[in-house]
Amino acid sequence: MKLSAISYQLSAWGLGLGMVGCAQAGGAAPEGPVPTEVEAPAPRTPEELPDTGFDFGDSIAIDSVTAPLPQEGLVNVSAPRSEPPIPGWPVGPAPLPGAILPHNRIVAYYGNPLSTRMGILGEIPPQQMLARLDEEVAAWEAADPGTPVVPALHLVAMVAQADPGSDGDYSALMSDETIEEVASWAETRDALVFLDLQVGLSTVQEEIPRIAEFLKRPNFHLGLDPEFSMKRGNKPGTHIGTLDASDINFAIDFLGDIVDEYDLPPKVLVIHRFTQAMITNAEDIRLDPRVQVVIDMDGWGAAWLKERSYQDFIVEDPVQFTGIKLFYKNDTRSGNSLMTPEQILDLMPAPVYIQYQ
């Protein structure tokens, strides 16, 4: 397993550069990653990371959307709330015994314990963080009493870097000790652990096997961040990256094989998205009952922007399950309010994965 030493420079990007962008109706979908006008910052140690984030600017427009995928032969795996039919939804194979979704909702805290900038997971002391997660879980239970809530810690286990590093891939995998530390926190809440990969100039095919020993555990699951998958060789932070269906299918097959080999309940795979081009050939993703795929709307901004992006990039391009990320800081800029569970439950389909950063 490729390890990052404590001295390895964590980048600022784990804050989540997902910017919902300007709601420009009819904006053309880009052919590739969307460039930004900002330069990647010099690498810094965690202690030097500033409190405010390195973010993409408002120049990123909402892409035009593709038509819903045909749904012949698919069965209802929608959340158990009463919802009217949605064209193209619901999607996916019937859940296997032990599957978490759709009859539970996952509420996750995101970040890295080595950085106060990457999210709530590392922003405050562990016991305060866990107590705050408890409060969010309780709020979701109150908002939707019919859907049990499963807490989770979503660790950025591979962090995109501003420096190429010794292997030139602009990414750093966290040490086993860091992952075990987060696992110990999760154990106190009977929580899930997601290991999130920002692969930089490497590939998911290269990096997922490096965390296989952790994925063998029943409560460990996987996250992939296309934003930092730099297929064109750009430095992370200078363009929005992308993953193809072939990458996602590799992850699904890899997790499915682990489920079979170790007789585990189905795994959950979370993939972040806030532009059309972040996932290419989505219609070619091969769903597998051993792996439950969540497309997580990862953009930040005012509630109406988040709702618009959820519609454009998640609902209009069905894969399987839906999620949404809430940013304690970025969503509340300019006096905006953080979306409440009740507001999110009004989205259709109602997300079954909720992530707080």
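Where does Pro 349 lie? In this model, which I should say at the outset is a predicted one, Pro 349 sits in the loop that runs between α8, residues 341-345, and β11, residues 353-356. I start with Pro 349 because of its backbone: the peptide bond joining Met 348 to Pro 349 is cis, with omega at about 0 degrees.

There is also a cis peptide bond between Trp 89 and Pro 90, and there omega is about -5 degrees. Pro 90 belongs to the segment before β1, the strand that covers 105-111.

Staying with the backbone, let me turn to phi. Asp 263 has a positive phi of about 50 degrees although it is not a glycine, and its place is in the loop between α6 and β7, the latter being 267-273. The residue is exposed, its relative accessible area being 69%. Ser 334, likewise a residue other than glycine, has a positive phi, near 60 degrees; this serine is found in the loop between β10, which spans 321-326, and α8, and with a relative accessible area of 78% it counts as exposed.

Now to the interior. The largest nonpolar core has 71 residues, and the members that touch the most other members are Leu 153, Leu 195, Ile 208, Leu 222, Leu 224 and Leu 269. Helix α6, residues 245-261, supplies the largest share of this core, namely seven residues. Apart from it lies another core, this one of 14 residues, with Ile 106, Val 150, Leu 192 and Val 268 among them.

If we take Ile 208 as one of those well-connected members, and leave aside residues up to four places away in sequence, its contacts are Leu 197, Leu 215, Leu 222, Leu 224, Phe 250, Ala 251 and Phe 254.

The last residue I want to show you is Gly 223, which is part of strand β5, residues 220-224. Is Gly 223 buried or exposed? With a cut-off for burial of under 20% relative accessible area, Gly 223 counts as buried, because its relative accessibility is 0%. Again not counting residues up to four places away in sequence, Gly 223 touches His 154, Leu 195, Asp 196, Leu 197 and Val 270. As for separation along the chain, Gly 223 and Val 156 are 67 residues apart in sequence, while in space their C-alpha atoms are 8.4 Å apart.

How values were computed:
Residues are numbered from 1 along each chain as its sequence is written. This is a predicted model: local features need pLDDT of at least 70, side-chain atom pairs count only at pLDDT 80 or more; totals for chains, interfaces and linings use all residues. Side-chain values use heavy atoms; hydrogens and water are left out. A nonpolar core is a set of buried Ala, Val, Leu, Ile, Met, Phe, Trp, Tyr and Cys residues joined through side-chain atoms within 4.5 Å. Buried means under 20% relative accessible area, exposed over 50%, partly exposed in between (1.4 Å probe, protein chains only). Helices (H or I, at least four residues) and strands (E, at least two) are DSSP runs, numbered from the N terminus. Contact means heavy atoms within 4.5 Å.
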